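Trainee: I should like to take a close look at a single part of this structure. Would you please go through one helix, from its inner side to its outer side?

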Amino acid sequence: MEELSIRVKIADRSYKLFVESESESIVREAAKLLQDELKQYRDMGISDTQDALARIAFDCLITKLRGERQVQRLQQMVFDKITQLDQVVTPAITT
């Protein structure tokens, strides 16, 4: 896998990153989303960059935790359905 050297701008600072070539578009999209979120917080009156970035980080973690819990619920539903199917199919196969 080839690594690229790219620069992204976050909160008025430029950062040099080394990313795998297939990850470049995701990294650039993440930097753009971060800039957009930062602008929204500034528009809401949060002018301190550190405060805005802390709020963005907190929002991201909430979203991540919600997603993880949703995945856990879905996995449990799939497991339950497989168990139900197994209970129906196993007797039919073994007789």
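Mentor: What follows is an account of helix α1 and of the parts around it.

The model is a predicted one. Helix α1 comprises residues 24–43. Its length can be checked against expectation: at 1.5 Å a residue, the 20 residues of α1 should span 28 Å, and the C-alpha atoms at its two ends lie 29 Å apart, which agrees.

Consider the inner side. The buried residues of α1 are A31, L38 and Y41. They cover an arc of only 85° around the axis, which places them on the same side of α1. The cover over these buried residues includes β1 (3–10) and α2 (49–94).

One residue of α2 illustrates this packing. I56 lies in helix α2 and counts as buried, because its relative accessible area is 5%, where the cut-off is under 20%. Apart from its neighbours within four places in sequence, I56 is in contact with L34, E37, L38 and Y41. Of these partners, L38 and Y41 are among the buried residues of α1. For a sense of the separation between I56 and R42, these two are 14 residues apart in sequence, and their C-alpha atoms are 11 Å apart in space.

Now turn to the outer side. The face of α1 directed away from its buried side carries the exposed residues S25, I26, K32, K39 and D43. Some of these residues also take part in salt bridges, of which the structure holds five.

Three of those salt bridges involve residues of α1, and they may be taken in sequence order. In one, the side chains of R28 and E24 meet with a distance of 2.9 Å from N to O. R28 and E24 both lie in α1, four residues apart, which is about one turn of the helix. R28 is partly exposed, with a relative accessible area of 38%, and E24 also counts as partly exposed, at 24%.

In another, K32 pairs with D36, and the closest N and O atoms are 3.0 Å apart. Here too the partners are both in α1 and four residues apart, about one turn of the helix. K32 counts as exposed because its relative accessibility is 52%, where the cut-off is over 50%. D36, at 34% relative accessibility, is partly exposed.

In the third, the side chains of D43 and K39 form a salt bridge, at 3.0 Å from N to O. D43 and K39 are likewise four residues apart within α1, about one turn of the helix, and both are exposed.

The spacing in these pairs has a general background. An α-helix has 3.6 residues a turn, so residues three or four places apart point the same way. Side chains of opposite charge can pair when their charged atoms come close.

Just after α1, G45 adopts a positive phi of about 105°. Further along the chain, helix α2 contains V89, which is partly exposed, with a relative accessible area of 39%. V89 belongs to a nonpolar surface patch together with L85, V88 and I93, and the four have about 410 Å² of accessible area together.

In short, α1 has a buried side that includes L38 and Y41, with α2 among the elements covering it, and an opposite face that carries exposed residues, including K32, K39 and D43.

Key:
Residues are numbered from 1 along each chain as its sequence is written. This is a predicted model: local features need pLDDT of at least 70, side-chain atom pairs count only at pLDDT 80 or more; totals for chains, interfaces and linings use all residues. Side-chain values use heavy atoms; hydrogens and water are left out. The expected span of a helix is 1.5 Å times one less than its number of residues. Buried means under 20% relative accessible area, exposed over 50%, partly exposed in between (1.4 Å probe, protein chains only). The arc is that of the directions from the helix axis to the C-beta atoms. Contact means heavy atoms within 4.5 Å. Patches are made of residues with over 30% relative accessible area and no salt bridge: like charges are joined within 9 Å, nonpolar side chains (Val, Leu, Ile, Met, Phe, Trp, Tyr) within 5 Å. Accessible areas come from the Shrake-Rupley method with a 1.4 Å probe; for residues, only the protein chains shown count as cover.
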